[in-house]
Amino acid sequence: MQLTFSPALGEQTFLKVAPAASERPAAQSILFRATFDSRESLLKAQADGVKIELWSDVPAGGRSLGEWGASQFSTLAAQPESDGTPIFSLRDTEEEEDPQREHSLYVHLRLPHIDHVGARFSFTYRLVYPSGDVKWLGEYGRNGELVIERGLPGVNLREGWNIAEDGTYRTHAFPGERVLGHLEDPDDWVCWSWRPSDLPTFTRARKGSEGLAIVLSPRTYTRQVNVIRPLVFVASHSATLKITQEGRIVLHSSSPFARVSFSVLEHSRDLLEGVAALCDGEVCTFDDVSAVISCRSLEAKLPLHIIVLPMSDNLDGRTTVPLRPRDFPREVHEWDGLVLVSSDLSSVELFPTFAMDRLGLVGRSGCELIATPAHKASAGERTAHVALLTPYKDASVKVEQSVAHTLPTPPPSPPRSSTATPTSGESRQSRTPTPTPARPSMPTESQGRSREIARPRRPASSALIPYRSPHFIRRYLHMVINVAFWFWSVFVRALATRLVGESVTRRISGFLGLALMKTAPPATPKVVSPEKPTSETIQAEPRETTPEPSNSGDAVSESNGAHIPDVSAPSPQYATMETTPVAPEVQPLPRIVFSANVSPSGSTGPIVLVQATATINKFKATVDGKSIPTLDVSLLDGGIQRLTFGTLETGGNFELSFDI
């Protein structure tokens with residue numbers, strides 16, 4: 001078993017502690033790491049009951065200044081499970097795990113923000129065996145040493161900064177370009193950049209960033225002993241901040257009165273208010289867990305873009321952030337419902353009412369959400385929610401009734417004959433033949449089509465054989481695909497995402513959703529235009545029959561004096577069709593019409609989310625009366641359908657209609 005420790009023994013490690021703000025006391029995190037040579041070595045040590053401990057006089061974990069104590073190495077603690085509140089997981093595309101984490105153990109200490117600047121603390125490591133034996137890993141007089149100094153972890157600032165009482169760094173700028181400092185490792189950071197009248201952008205610090213305000217968020221917390229924290233830079237309107245690919249923090253100013261403020265996120269409530277004002281937004285939440293900022297495009301009022309920045313340094317990589325609609329901007333409370341969508345459209349959550357809260361599982365770098373109204377339309381027991389993700393304003397939704405249509409008039413069924421079967425007493429019949437009842441002739445051809453007079457009845461022996469109609473087969477296929485989609489969403493999708501990636505699983509989900517739509521039974525049956533039944537009848541030629549002589553020798557019946565032929569069965573009576581029955585009327589389907597004034601979409605077209613309690617049919621989308629193509633239809637979790645339409649070079653009145 002080979003162990004590597006960070007920080008190492010026999011060396012000095014300098015820790016930067018940010019200035020403390022009186023109104024928001026905080027603590028600086030210190031991370032000790034013990035790395036095994038392999039995962040197998042770690043598992044073997046745990047199986048043997050060997051404990052690795054840190055022995056130090058750092059005043060943390062309930063110890064007072066100057067008191068020594070032991071802290072056991074362990075895996076990083078995961079987030080506590082929710083108390084039944086639904087979890088809304090948000091992926092961080094820039095998040096990156098430490099490759100050594102799977103065979104490493106950690107000790108996480110929080111140094112309180114007391115005035116420890118200039119203080120020195122010692123530490124060493126030891127192994128504790130199940131027998132009680134202790135093996136010290138350091139040498140006498142060669143303990144590790146922590147030296148506390150004023151500063152911000154992960155950033156080296158140049159001279160010229162003043163520290164205010166609230167812990168904020170401030171400096172004045174001069175016309176031209178000035179280097180304010182540099183990032184120790186640009187790969188440890190990602191940037192949220194704000195420009196005037198524009199939505200924020202999210203990039204890696206290594207790729208460079210520029211704006212009037214920049215929020216630096218850590219990509220990982222487990223790489224350094226001195227755990228880095230989210231930072232906020234804000235410049236005045238006459239200046240521009242820039243982070244180069246090499247990690248230099250540069251200020252470009254055109255005025256001698258420009259100013260720059262810089263602080264850790266915990267002390268930046270006032271700075272974030274100015275950041276949110278750049279894009280017509282506000283700070284919705286600012287507490288010990290997270291800071292939530294809303295912003296919007298100036299060309300359109302909706303949708304809202306919500307930036308969630310984790311406040312705490314959760315070393316496990318995920319932070320549970322309450323997503324409470326009541327904490328969002330006031331205008332949200334006037335909506336019929338709320339739809340939250342991740343920026344990459346991979347996660348969608350519908351809040352039909354504002355009584356339900358969610359817990360967002362957010363990555364360490366934060367995330368961006370799209371919040372848009374769920375416009376509700378109801379027609380009897382059928383309800384639909386429509387949400388537009390493209391920038392828009394002045395939206396409305398209404399319900400129209402489709403034009404009613406009638407089913408074809410069925411031909412009347414021929415009545416059964418009421419003629420009784422002759423008895424043995426009536427066997428002597430008249431020799432004079434009587435005409436049989438008239439039977440309908442073969443109908444004439446109408447509009448080039450020939451029709452049969454009647455469909456032959458199925459024999460009684462095949463009465464139990466079901467008729468496999470196309471509608472039955474279609475419903476059967478829809479049921480099978482529905483079960484397959486449920487099995488895919490519940491059991492297979494999460495595993496497939498890890499094996500083949502998100503893009504492939506998204507295509508499979510889209511294919512299954514398209515198959516569900518194609519096999520869904522239509523809301524109304526397809527009918528053929530009714531044809532007028534013919535009322536022509538002809539008399540059948542009388543059939544000559546030869547009566548059998550009776551045993552009694554009488555040739556003529558004395559009761560009515562008529563000659564009745566001897567027949568084996570009576571002939572059926574056919575009625576002439578004189579009246580047309582009233583055709584049943586099919587109830588019209590509700591048609592939902594959603595309209596909004598949209599902005600030009602650039603490289604992407606309008607994206608609409610639809611959730612309904614009934615099958616959705618007959619999509620039609622137009623802009624200023626001109627049809628636009630439907631590029632993609634995907635079925636998401638919760639029965640939500642995502643519709644993607646063609647690109648809009650110019651804005652206009654967007655209208656979407658469909659039947660439910």
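Buried means under 20% relative accessible area, exposed means over 50%, and partly exposed lies in between (1.4 Å probe, protein chains only). The model is predicted: local features need pLDDT of at least 70, side-chain atom pairs count only at pLDDT 80 or more, and totals for chains, interfaces and linings use all residues. Residues are numbered from 1 along each chain as its sequence is written, and side-chain values use heavy atoms, with hydrogens and water left out.

**Exercise 1. Classify His108 by its accessibility, and place it in its strand.**

Step 1. Find the element. Helices (H or I, at least four residues) and strands (E, at least two) are DSSP runs, numbered from the N terminus. His108 sits in strand E7 (residues 104–112).

Step 2. Apply the cut-offs. His108 has 30% relative accessibility, so it counts as partly exposed.

Step 3. Look along the chain. Ser74 is 34 residues away from His108, yet their C-alpha atoms are separated by 9.4 Å.

**Exercise 2. Describe the burial and the pairing of strand E15.**

Step 1. Check burial. Six of the six residues of E15 (residues 189–194) are buried, so the strand is largely enclosed by the rest of the structure.

Step 2. Sort the side chains. In a regular strand the side chains alternate between the two faces of the sheet. In E15, Trp189, Cys191 and Ser193 point one way. Val190, Trp192 and Trp194 point the other way.

Step 3. Find the partners. Two strands pair if DSSP finds at least two bridges between them. E15 pairs antiparallel with strand E18 (residues 213–218) over six bridges. Strand E16 (residues 201–204) is also antiparallel to E15, with four bridges.

Step 4. Follow Ser193. It stands opposite Ile214 in E18 and opposite Thr201 in E16.

Step 5. Inspect the turn. The hairpin of E15 and E16 has six residues between the strands, and Ser197 takes a positive phi near 60 degrees there.

**Exercise 3. Decide whether Cys279 and Cys284 are bonded or free of disulfides.**

Step 1. Recall the bond. A disulfide is a covalent bond between the sulfur atoms of two cysteines. Here the rule asks for a pair of cysteine sulfur atoms within 2.5 Å.

Step 2. Test Cys279. Its closest cysteine sulfur is in Cys295, 3.8 Å away, which is too far for a bond.

Step 3. Test Cys284. The nearest cysteine sulfur, again that of Cys295, is 9.3 Å away, and Cys284 is in no disulfide.

Step 4. Give the total. By this rule the count is zero disulfides.

Step 5. Add burial. Cys279 is buried, with a relative accessible area of 0%. Cys284 has 17% relative accessibility, so it counts as buried.

**Exercise 4. Compare the expected span of helix H4 with the distance between its end C-alpha atoms.**

Step 1. Use the rule. The expected span is 1.5 Å times one less than the number of residues.

Step 2. Apply it. H4 (residues 502–519) has 18 residues, so it should span 26 Å.

Step 3. Check. The end C-alpha atoms are 26 Å apart, which agrees.

Step 4. Note burial. Buried residues of H4 include Glu502, Gly510 and Thr519.

**Exercise 5. Map the partners of strand E42.**

Step 1. Check cover. Six of the eight residues of E42 (residues 652–659) are buried.

Step 2. Take strand E36 (residues 590–598). It pairs antiparallel with E42 over eight bridges. Val598 stands opposite Gly652.

Step 3. Take strand E38 (residues 617–623). Five bridges join it to E42, and the two run antiparallel. Lys620 has Ser657 as its bridge partner.
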